[in-house]
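This briefing introduces one protein structure to a reader who has not met it before. Please look over the sequence and the model first, then read the points below.

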Amino acid sequence: MQQYIYLLINFFTVIICFIFSFHHKIRFSRYFSPFLTASLIVGAVFVAWDAWFTKIGVWWFNDKYLLGIRLFGLPLEELLFFICIPFACIFTYYCLDKFFKLDWKPLPQKIFVLISIFGALLISSWFCDRIYTFITFLSTGCSLFILYFILKVKWIGKVSFVYLLLMPGFLMVNGILTGTGLESPVVNYNPEHFIGLRILTIPVEDVVYGYELILWNVFLFELFRKNEEKTVVEVEA
């Protein structure tokens, strides 16, 4: 049974969201194609990052909790992670945005983005000798800059709030992966490559890593969703 642990984590993360995607008041199932396209594109980048870090020993996986199938040097379950976790997050974001007004006013959002960029770049420069910390905070700071100032997205505050609401679920899922409730972690980290500050058993870098993952998934999901809706309107016209 132990070899199914990571697979079951992915399954239980996504199953409830998947079922409710077909609810007549939600109908997220209409957007499976935009979501899958977005998650595969973003996932390709994060899989390359993941595979590189695995290869150089920043982290590694405990075979005791895995099926044993690997692609690109990564367990199958880890590849599924980049679809299942974004699906749960995008579904939640979609539902909350559909039923509640979560938009931030421009000034508070701009202040939040500027503080986040400055903080991320400061931490990355301070811990430039810790590769996980350095790359995670640097890339997240750059992502925020690109999304807000170049791509001109208006939803960073809203997505950040939703991500905060998802923290209990994130802590539970990532907590199990990093060893909470298990004899040993599913994912192990080399202490030389990250700060060492943890939330329970979770490296703080994981929280930022997940935030960046969701930001880009939302960006591409919204882009592909709008294109699909536009196409439907044109066809119906």
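The protein chain holds eight helices and six strands. The model is a predicted one. Read along the sequence, the order of these elements is α-α-β-β-β-α-α-α-α-α-β-β-β-α.

**Overall form**

- The protein chain has 237 residues and a radius of gyration of 18 Å, which agrees with the value near 18 Å for a compact globule with that number of residues.
- Along its principal axes, the C-alpha trace of the protein chain spans about 55 × 40 × 30 Å.
- Contacts between residues at least 6 apart in sequence can be sorted by separation, and 78% of them in the protein chain join residues at least 24 apart.

**Surface and charge**

- Of the 237 residues in the protein chain, 47% count as buried.
- The accessible surface of the protein chain comes to about 12,400 Å², and carbon and sulfur atoms account for 72% of that area.
- Positive side chains number 18 and negative side chains 17 in the protein chain, with the centres of the two sets 10 Å apart.

**Cysteines**

- How many disulfides does a search of the whole structure find? The search finds zero.
- Cys95 is in no disulfide, and the nearest cysteine sulfur, that of Cys17, is 7.7 Å away. A disulfide requires two cysteine sulfur atoms within 2.5 Å, so a separation of 7.7 Å does not qualify.
- Cys95 has a relative accessible area of 13% and is buried.
- Cys142 is likewise in no disulfide; the nearest cysteine sulfur belongs to Cys128 and is 15 Å away.
- With a relative accessible area of 36%, Cys142 is partly exposed.

**Two helices and their buried residues**

- Helix H6 covers residues 156–165, and seven of its 10 residues are buried, so this helix is largely enclosed by the rest of the structure.
- The buried residues in H6 are Ile156, Gly157, Lys158, Val159, Ser160, Val162 and Tyr163.
- Asn217 belongs to helix H8, which runs over residues 204–236.
- Is Asn217 buried or exposed? Its relative accessible area is 1%, and Asn217 is therefore buried, as the cut-off for that class is under 20%.
- Leaving out residues up to four places away in sequence, Asn217 touches Ala38, Ser39, Val42, Pro86 and Ile90.

**Phe99 and the residues it meets**

- Phe99 is part of helix H3, residues 76–99.
- The relative accessibility of Phe99 is 45%, and this residue counts as partly exposed.
- Which residues does Phe99 touch, not counting those up to four places away in sequence? They are Lys25 and Ile26.
- Phe99 and Lys25 are 74 residues apart in sequence, while their C-alpha atoms are 9.9 Å apart in space.

**The loop between S5 and S6**

- Thr201 sits in the loop between strand S5 (198–199) and strand S6 (202–203), and Leu200 has its place in the loop between S5 and S6 as well.
- Thr201 counts as partly exposed at 22% relative accessibility, whereas Leu200 is exposed, with a relative accessible area of 68%.
- Not counting neighbours within four places in sequence, Thr201 is in contact with Gly175, Thr178, Gly179 and Thr180.
- From C-alpha to C-alpha, Thr201 and Asn174 are 8.4 Å apart in space, and in sequence they are 27 residues apart.

**Positive phi angles**

- Most residues other than glycine have a negative phi.
- Leu200 has a phi near 60 degrees, a positive value in a residue other than glycine.
- Arg27 is not a glycine either, yet has a positive phi of about 55 degrees.
- Where is Arg27 placed? It lies in the loop between helix H1 (5–20) and helix H2 (32–55).
- Arg27 is partly exposed, and its relative accessible area is 42%.

Technical notes:
Residues are numbered from 1 along each chain as its sequence is written. This is a predicted model: local features need pLDDT of at least 70, side-chain atom pairs count only at pLDDT 80 or more; totals for chains, interfaces and linings use all residues. Side-chain values use heavy atoms; hydrogens and water are left out. Helices (H or I, at least four residues) and strands (E, at least two) are DSSP runs, numbered from the N terminus. The radius of gyration is taken over C-alpha atoms; the globule rule is 2.2 Å times the number of residues to the power 0.38. Buried means under 20% relative accessible area, exposed over 50%, partly exposed in between (1.4 Å probe, protein chains only). Contact means heavy atoms within 4.5 Å. Accessible areas come from the Shrake-Rupley method with a 1.4 Å probe; for residues, only the protein chains shown count as cover. Lys and Arg count as positive and Asp and Glu as negative; His and the chain ends are not counted. The place of a charge is taken as NZ of Lys, CZ of Arg, CG of Asp or CD of Glu.
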